[in-house]
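Reader: I should be grateful for a close look at one part of this protein, namely the helix and loops beside its second largest pocket. Please set that part in the context of the whole chain.

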Amino acid sequence: MRRWSKLFIPTLREAPADAEVASHKFLVRAGYIRQLAAGIYSYLFLGQRSMEKIINIVREEMDTIGQEFLLPAIHPREVWEASGRWSVMGDNMFRLKDRSGRDLCLGMTHEEVMTEIARKELRSYKQLPQIWYQIQNKFRDEPRPKSGLLRVRQFTMKDSYSFDIDADALDVSYKKHYDVYCRIFDRCGLKYMAVEAHSGAMGGSMSHEFMVFTEAGEDMVAHCAACGYAANLEKATSKLDVIEDLGASGDGKPELVETLGMKTIEDVAKFLGVSPKQKMKTLAYTASEIDKKTGETRNSPVIVFMRGDHMLNEAKFSTAIGGKTFRPMQPEEIEKVFKSPAGYLGPIGIPNTDGVLIIVDSALKGRKNLVAGANKENYHLKNVTPERDFPVANWADLRNASEGEGCPNCGAPLKVAKAVEIGHIFKLGYKYAESMGARVLDKDGKEVTPIMGSYGIGIERILTSAIEQSNDENGFFLTPAIASFDVIIVPTNISDAALMSAAEQIAKELEDAGYDVLFDDRDERAGVKFKDADLVGIPFRINVGKKVSEGKVELVRRSTRESQDANIAGIAETFKSVINQL
RNA sequence: CGGGGCGUGGCUCAGCCUGGUAGAGCACCUGGUUCGGGACCAGGGGGUCGGAGGUUCAAAUCCUCUCGCCCCGACCA
């Protein structure tokens, strides 16, 4: 039992002015966290208790499939050079030097260090499969930390890594993680969804993200209520309605039309009386990559053609250009490289396209008589038909799927909603094992590369997304499994001896029954204690007040505000039956 | 990286435009009255106004630089 009067639980009436999302406001107001710097937080007593509860659930479940390690947070440059990610990670990596000038970094993930162990230690297929995990701090110098604990620069992650002899065995390790993740998030009381995901900087093939839908989220997820299809927008595809192409005008060949001063899709479409869907737009980018030998940055132009009303999906684009970094070209660059005014770029007769990568979005496949830029100031072209009027070497799916478009599996309308990513599982394949030289002997005595998976859970995000899902104007409520306490006992008047001894007795009985009990013995008015109790996320409250003379107390469920009178005699049994109903 | 906003007791903010030597509410301490949904009265402690430089007789206030924090954008011809 913990006595509030002796604890440090600095609750605030008002949220800090710069807090925007519910979890940030309430974590601060409830005295869970305090900010030290942008994206860097201290966890106080209640916050640390909830974190520990979550961590224990994660550990219990992970122990059913893997073994817990603890790796260093500080890494030598060499292991990151070995995987090629010392440069890939760029400014997101915290870097430092030791006293003799050697480069070090703070671990933002641990593929390299785990693979280093595997490389040195694993020798035989008989040692496989292995699943190694840890629960540890990660450091990422985010360009924009935000929303309290939702996007931070130091956070706690459960990360695990599997090593298997072949792809079939990896499937097993992957599935084990998928199932364990579901159990973990179920126990934490989250409503979540597993969605297909883009692999990003981790590399690899298949991956799923575990998402919690909330407006505070930064990811967009497309999902289908009819068949269960769900994918991050970075990966999601959709079926498009068939667009009726325009009829050919004139001789059917590309035809110049004057579009004086019109540079945007909307202006041109409106002016010509067509839909943006009948247009194609031209996007010009500069892709850059660092030459591994010389260390020089090499820039190359990339042009993308898309349907006028579609948006480029940067994740898909990044994949299409082999993971290079990219940025939109400035108008001056466009004019310099393509001799065409920005705003009038188009597919036909662009000058200087040698060495330019041209990618066409698959939504333009089979389309005819589109309107496109003419590469000439104040002019567009009609009757532009891909493959007839200009060659297409690269088709790719580059567009964002949108709400209302057809599910790729069943055709029902897709929903698109914001979500927070709480977990991510990847089939990494051979990327790290190969680049870092991990090898084992198979049963034929042949040297083979083990295949890897990597799997992460953001501990703080379990807490924040739980709060985002379960809060009201007075505070938030967590499921007992992750709440800092199961129940708070509130004697309404501490100077009433009978009332206090009843409260003490109840607190002790509940504690003896195995519950985490917070006893609010502060000399405060009842109203103050009720407000605080509502704020701090504890799922149950027992008010010990006047009804003590009748042998009764009030048992209040925080989430619904339901209150029931309960006999003091047998309170532990009563509480047990109530809490087990959740 | 671009744009915007904000830095004044622990918290929320006023004062700044129009320079004259810092204020409210909450929180905190003492005493009293209260005591089931953030009480009231009285008294009290606490602030180099983010930092540096400048203008001025005088700077929280005006100017320059700088640091920090928050938000938006990084979707585009």
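Author: The account below begins with the whole chain, turns to the part requested, and ends with some other sites.

The model is a predicted one. Chain A has 582 residues, of which 53% count as buried. Its secondary structure comes to 14 helices and 33 strands, and its C-alpha atoms fill a box of roughly 100 × 65 × 50 Å along the principal axes. Among contacts in chain A with a separation of 6 or more, 70% join residues 24 or more positions apart.

The domain assignment divides chain A into domain 1 (38-71 + 108-236 + 416-467), domain 2 (255-396) and domain 3 (477-579). Between domain 1 and domain 3, the contact takes 13 residues from the former and 11 residues from the latter. The C-alpha centres of these two domains lie 38 Å apart.

The part requested is centred on helix α7, which spans residues 265-272. Which residues of α7 are buried? They are Ile265, Val268 and Ala269. These three cover an arc of only 100° around the axis, and they therefore lie on the same side of α7. The pattern follows a general rule: an α-helix has 3.6 residues a turn, so residues three or four places apart point the same way. The face of α7 turned away from the buried side carries Glu266 and Lys270, which are exposed. Just after the helix, Gly273 takes a positive phi of about 70°.

Two loops flank the helix. Thr264 lies in the loop between β14 (255-258) and α7, while Lys279 has its place in the loop between α7 and β15 (280-290). Is each of these residues buried or exposed? Thr264 has a relative accessible area of 35% and is therefore partly exposed. Lys279 counts as buried because its relative accessibility is 3%, under the 20% cut-off for that class. Thr264 and Lys279 stand 15 residues apart in sequence, and their C-alpha atoms are 11 Å apart in space.

What surrounds Lys279? Leaving aside residues up to four places away in sequence, Lys279 touches Ile265, Val268 and Ala269, together with Val274, Met306, Arg307, Gly308, Leu370, Val371 and His380. Ile265, Val268 and Ala269 are the buried residues of α7 named above, and Lys279 is thus in contact with each of them.

The second largest pocket has a volume of about 320 Å³. The elements that give two or more residues to its lining are α7 and β15. The greatest contribution is that of β15, with six residues. The lining has 20 residues, and those nearest the centre of the pocket are Lys263, Lys281, Thr282, Leu283 and Gly343. By class, the lining divides into 12 nonpolar, five polar and three charged residues.

Elsewhere in domain 2 (255-396), two backbone sites deserve mention. Asn369, in the loop between β18 (357-361) and β19 (370-376), has a phi near 50°, a positive value in a residue other than glycine. Asn369 is buried, with a relative accessible area of 8%. Glu387 also is not a glycine and has a positive phi, of about 75°; its place is in the loop between β20 (379-384) and β21 (395-396). Most residues other than glycine have a negative phi, and most peptide bonds are trans. As for the peptide bonds, the one from Leu128 to Pro129 is cis, with omega near 0°. Pro129 is found in the loop between α5 (111-121) and β8 (130-139).

Domain 3 (477-579) offers a second helix to set beside α7. In α14 (residues 571-579), Ile571, Ala572, Phe575, Val578 and Ile579 are buried. They cover an arc of only 125° around the axis, which puts them on the same side of α14. Among the elements covering them are β28 (487-491), α12 (497-512), β31 (540-544), β32 (552-557) and β33 (563-567).

Finally, a search of the whole structure finds one cavity of 30 Å³ or more. The largest cavity holds about 30 Å³ of space and is lined by Ala533, Asp534, Ile538, Phe540, Arg541, Val556 and Arg558. At least two residues of that lining come from each of α13 (526-535) and β31. Four residues of the lining are nonpolar, three are charged and none is polar.

Notes. Residues are numbered from 1 along each chain as its sequence is written. Chains are lettered from A and ligands numbered from 1 in the order in which they are written. This is a predicted model: local features need pLDDT of at least 70, side-chain atom pairs count only at pLDDT 80 or more; totals for chains, interfaces and linings use all residues. Side-chain values use heavy atoms; hydrogens and water are left out. Helices (H or I, at least four residues) and strands (E, at least two) are DSSP runs, numbered from the N terminus. Buried means under 20% relative accessible area, exposed over 50%, partly exposed in between (1.4 Å probe, protein chains only). Contact means heavy atoms within 4.5 Å. The arc is that of the directions from the helix axis to the C-beta atoms. On a 1 Å grid over the protein atoms alone, a cavity is a set of points where a 1.4 Å probe fits but cannot get out, and a pocket is an open set with protein on both sides within 12 Å along at least five of seven lines; lining residues have an atom within 4 Å of a point. Grid points are joined across faces, edges and corners, and a volume is the space filled by probe spheres set on the points. Ala, Val, Leu, Ile, Met, Phe, Trp, Tyr, Cys and Pro count as nonpolar, Asp, Glu, Lys and Arg as charged, and the others, Gly among them, as polar. Domain bounds come from an automatic or database domain assignment.
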